[in-house]
Amino acid sequence: MQLVIEHLSKTYPNGTHALKDVTLTIPQGMFGLLGPNGAGKSTLMRTLATLQEPDTGSVRLGDIDVLRDKDAVRRTLGYLPQEFGVYPKVSAEELLDHFAVLKGIIDRKQRRELVQALLQQTNLYDARRKHLGGFSGGMRQRFGIAVALLGNPKLIIVDEPTAGLDPAERVRFLNLLSELGENSVVILSTHIVEDVSELCSRMAIINQGEILLEAEPLAAIEQVRGRVWKRLIDREALPVFEQEHRVISTRLFAGRTVIHVASDAQPGPEFEPVDASLEDVYFTVMRGRLPTEEAVATA
Ligand code: ADP
C-alpha cells in the first residue's frame, strides 16, 4: 500500500497559499517531511488526516480515495498531532482503554490485552496508573503514539513530535517510531533535520507550500558530496562572503562564524571540504544554491 498525493493546493480564506500543487508518492516505511515553520507541513498533515479540505487535488491510500471516503481513512489512520489535549486526572491505562472503545474494540479481554501491549511497547507500563497530568513531555508523546497505534493503522501521521523533548526523551521517542515503519506508511513531519536523517528512508523538503525535493536522504547527500566547503570567518566579514560566494548556512563556533558554501571547486583560500550531511542538502535546497539543483530535485 502506498499514499499517492496529486496536485494538492490550498489557500486559506485570508489569502495564505499554504499548499501549491503538491504531488508526492509515499511508500511503506518511514517518510520524512522536512520544512521550516510555516512551510505548510501541518496543512498537508491535517488534509491527509481528513481534518480539513484542500481546494483541489487528490489523495489515494491504496484503493481508498482519502478526500471522499473519510470514514475508511479514519478506520485505518493513526494521527499524532503537534499538541493534543489530555484529561489530566485520568490514568494512561484508563484513557487508552477509553480510546480503544471509541475505535470499536468492544471485547473486554481483547481490549485489555491490547492496552497492556501498547503500554509496554511505548515504555509506559510502569506509569500506567499515573495521572496524565503528571506525565513529562516525552511520556505524553509516547502516550500519543500508543493512542495512534490503536486499531493497527496502515497510515500513521506524526506532526512535529520531538519539539520540546529533552535529548534522552527524544532518542527514546525516535527509537519507538523507527519500529513502526515496517507494515505502514509512516509520515514524520518536522523542522529538525536530524529527525529525518536518523530515521527516514525517504523524504521530501517543503517550503512555502512547495515541494522542493523528493529523495532518499543518502542519495541526496551523495549529490552534494564534494561540493560543500566550510571556513571560519569573523562575523563582520559575513556580508562580503555572502556577496562573493554561495553561502548556504552560517553558525557560531567559539565566538566566530563558520560558513558553509556551495561550490563545485574550492571557492578560495582557507576553505576546507565538508563531509556533507543532510543539513547541507537541506540548506542548499532551501536557498536554491546548487547549480544542478534540478538534477537533485528529480533524482
Ligand atoms: P507548518 O506546519 O509547516 O509550520 P502550516 O501548515 O501550519 O505550516 O502553515 C502554512 C501557512 O499557512 C503559514 O503561513 C500559516 O500561517 C498559514 N496557516 C495555517 N493555518 C491557517 C489558518 N487556519 N488560517 C490562515 N492561515 C493559516
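**Figure 1. The whole chain, with its long-range contacts.** Among the contacts in the chain with a separation of 6 or more, 69% are between residues 24 or more positions apart. Keep in mind as you look around that this is a predicted model. The chain has 299 residues, and 49% of them count as buried. Along its principal axes, the C-alpha atoms fill a box of roughly 70 × 45 × 35 Å. If you trace the chain from end to end, you will pass 11 helices and 14 strands. The accessible surface of the chain is about 14,800 Å², and carbon and sulfur atoms account for 49% of that surface.

**Figure 2. Two domains in one chain.** Which stretches of the chain make up the domains? According to the domain assignment, domain 1 covers residues 3-215 and domain 2 covers residues 221-297. Taken over C-alpha atoms, the centres of domain 1 and domain 2 are 33 Å apart. The two domains also meet: 13 residues of domain 1 are in contact with nine residues of domain 2.

**Figure 3. The ligand and its shell of residues.** Here we zoom in on the ligand, which has 13 residues around it. Which of these residues come nearest? They are Gly38, Gly40, Lys41, Ser42 and Thr43. Helix H1, made of residues 41-48, gives the largest share of the shell, with four residues. Sorted by type, the shell holds four nonpolar, seven polar and two charged residues.

**Figure 4. Polar atoms beside the ligand.** This view picks out three residues, and it helps to take them one by one. Lys41 places a polar side-chain atom 2.9 Å from an oxygen atom of the ligand. In Gly40, it is a polar backbone atom that lies 3.0 Å from an oxygen atom of the ligand. Tyr12 brings in a polar side-chain atom, found 3.5 Å from a nitrogen atom of the ligand. How much of the ligand's accessible area does the protein cover? On its own the ligand has 560 Å² of accessible area, and the protein covers 65% of it.

**Figure 5. Phe31, a buried residue in a strand.** Look for Phe31 in strand S3, which runs over residues 29-34. Why does Phe31 count as buried? Its relative accessible area is 1%, and buried means under 20%. Val186 is 155 residues away from Phe31 along the chain, yet the C-alpha atoms of the two are separated by 6.0 Å. Leaving aside neighbours within four places in sequence, Phe31 is in contact with several residues, including Leu24, Thr25 and Ile26. Val186, Ile187 and Leu188 are also among its contacts, as are Cys200, Arg202, Met203 and Ala204.

**Figure 6. Gln141, a buried residue in a helix.** The next stop is helix H5, residues 137-149, where Gln141 lies. Is Gln141 buried or exposed? Gln141 counts as buried because its relative accessibility is 7%, which is under the 20% limit. Beyond its neighbours within four places in sequence, Gln141 is in contact with Leu80, Gln82 and Phe84, among others. Further contacts of Gln141 include Glu160, Pro161, Leu165 and Phe173.

**Figure 7. Two loop residues with a positive phi.** Most residues other than glycine have a negative phi, and this view shows two exceptions, Thr50 and Ala254. Thr50 sits in the loop between H1 and strand S4 (56-61), and its phi is near 65°. Ala254 belongs to the loop between strand S12 (247-253) and strand S13 (256-262), and its phi is about 50°. How accessible is each residue? Thr50 is buried, as its relative accessible area is 5%. Ala254, in contrast, counts as exposed, with 72% relative accessibility.

**Figure 8. Gly62, a partly exposed loop residue.** Our last view shows Gly62, in the loop between S4 and strand S5 (64-65). At 31% relative accessibility, Gly62 counts as partly exposed, because its value falls between the 20% limit for buried and the 50% limit for exposed. What does Gly62 touch, not counting residues up to four places away in sequence? Gly62 touches Met1 and Gln2. Ala100 lies 38 residues from Gly62 along the chain, and 25 Å separate their C-alpha atoms.

Notes. Residues numbered from 1 in each chain as written. Predicted model: local features only at pLDDT ≥ 70, side-chain atom pairs only at ≥ 80, totals over all residues. Heavy atoms only, no water. Near = heavy atom within 4 Å. Polar contact = N/O pair within 3.5 Å; in protein donor to acceptor, adjacent residues only side chain to side chain. Areas by Shrake-Rupley, 256 points an atom, 1.4 Å probe, with all protein chains shown as cover. Helix = DSSP H or I, 4+ residues; strand = E, 2+ residues; numbered from the N terminus. Nonpolar A, V, L, I, M, F, W, Y, C, P; charged D, E, K, R; others polar. Buried < 20%, exposed > 50% of the residue type's maximum accessible area, 1.4 Å probe, protein only. Contact = heavy atoms within 4.5 Å. Domains from an automatic or database assignment.
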